[in-house]
Amino acid sequence: MHITARSDYAIRAMLVIALSDPAPVKSETMAQAQEIPASFLRGILTDLRRADLVFAQRGHEGGFTLTRPPVDISVGDVLRAVAGELTSVRGLPTGDVAYFGEAVRLRTVWLNIETSISAIVDTVSLAALLSPVAEAGRRRRA
């Protein structure tokens, strides 16, 4: 699995939004906080909105909020929203690849890799990634 800048930026942006939940976060704030190019981030946020992971609120008090609690959004949800399939072989979804002859069992290897990756990214939530950060933030405010 190759983690693209787009995927990395998407998860980092979602963490900024999750940490500020329920207050909306402006894209400029996310871009500055995580050093993400603003123009690149706009496209990522569009994909996240289309995947129903974030809600965009317009206006002076606007910004982005999560559509679900951080505990209900996995890293896998974010990765699929911005990159599509978690794994691919020669540009094809792993399940669509066919092999013949001596290589026939290779497809099973690729599918097992995809299953293993899914098992990790689908069980790690935004809340889990933020748990120490959120605790530290609560202690500072108290």
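Biologist: Where does Asp52 lie?

Modeller: Asp52 lies in the loop between α3 and β1 (54-57). Helices (H or I, at least four residues) and strands (E, at least two) are DSSP runs, numbered from the N terminus. This is a predicted model, in which local features need pLDDT of at least 70, side-chain atom pairs count only at pLDDT 80 or more, and totals for chains, interfaces and linings use all residues. Residues are numbered from 1 along each chain as its sequence is written, and side-chain values use heavy atoms, with hydrogens and water left out.

Biologist: Why does Asp52 count as partly exposed?

Modeller: Buried means under 20% relative accessible area, exposed means over 50%, and partly exposed is in between (1.4 Å probe, protein chains only). Asp52 has 49% relative accessibility, and therefore counts as partly exposed.

Biologist: What makes the phi of Asp52 notable, although it is not a glycine?

Modeller: Most residues other than glycine have a negative phi. Asp52 is not a glycine, yet has a positive phi of about 60 degrees. Glu35, in the loop between α2 and α3, has a positive phi of about 55 degrees and is not a glycine either.

Biologist: Why does Glu35 count as exposed?

Modeller: The relative accessibility of Glu35 is 69%, so this residue counts as exposed.

Biologist: Which residue just after α4 takes a positive phi?

Modeller: That residue is Gly84, with a phi of about 80 degrees. In α4 itself, the buried residues are Val75, Gly76, Val78, Leu79, Ala81 and Val82. An α-helix has 3.6 residues a turn, so residues three or four places apart point the same way.

Biologist: What makes the peptide bond from Asp21 to Pro22 notable?

Modeller: Most peptide bonds are trans. The bond from Asp21 to Pro22 is cis, with omega near 15 degrees. Pro22 is found in the loop between α1 and α2.

Biologist: How do you know that Ser74 is buried?

Modeller: Ser74 has a relative accessible area of 8%, and is therefore buried. Its place is in the loop between β2 (63-66) and α4. Leaving out residues up to four places away in sequence, Ser74 touches Val121, Asp122, Val124 and Ser125; contact means heavy atoms within 4.5 Å.

Biologist: Why does Ser27 count as buried?

Modeller: At 16% relative accessibility, Ser27 meets the criterion and so counts as buried. Ser27 is in helix α2 and, again not counting residues up to four places away in sequence, touches Leu41, Leu45 and Phe64.

Biologist: What makes Gly43 partly exposed?

Modeller: Gly43 has a relative accessible area of 28%, and is therefore partly exposed. This glycine is found in helix α3 (residues 38-50). Gly43 and Ala10 are 33 residues apart in sequence and 9.9 Å apart in space, C-alpha to C-alpha.

Biologist: At what angle do helix α1 and helix α2 pack?

Modeller: Helix α1 (residues 5-20) and helix α2 (residues 27-34) pack at about 115 degrees, with their axes 10 Å apart. Axes are lines fitted to C-alpha atoms, for helices over the stretch in contact, and angles run from 0 to 180 degrees between N-to-C directions. The contact is made by Arg12, Ala13, Val16 and Ile17 of α1 and Met30, Ala33 and Gln34 of α2.

Biologist: Of which classes are the residues in the contact of α1 with α2?

Modeller: Five are nonpolar, one is polar and one is charged. Ala, Val, Leu, Ile, Met, Phe, Trp, Tyr, Cys and Pro count as nonpolar, Asp, Glu, Lys and Arg as charged, and the others, Gly among them, as polar.

Biologist: How many helices and strands has the protein chain?

Modeller: The protein chain has six helices and four strands, which run α-α-α-β-β-α-β-β-α-α from the N terminus on. Of its 142 residues, 36% count as buried. Residues 24 or more positions apart account for 63% of the contacts with a separation of 6 or more. The C-alpha trace spans about 65 × 30 × 25 Å along its principal axes.
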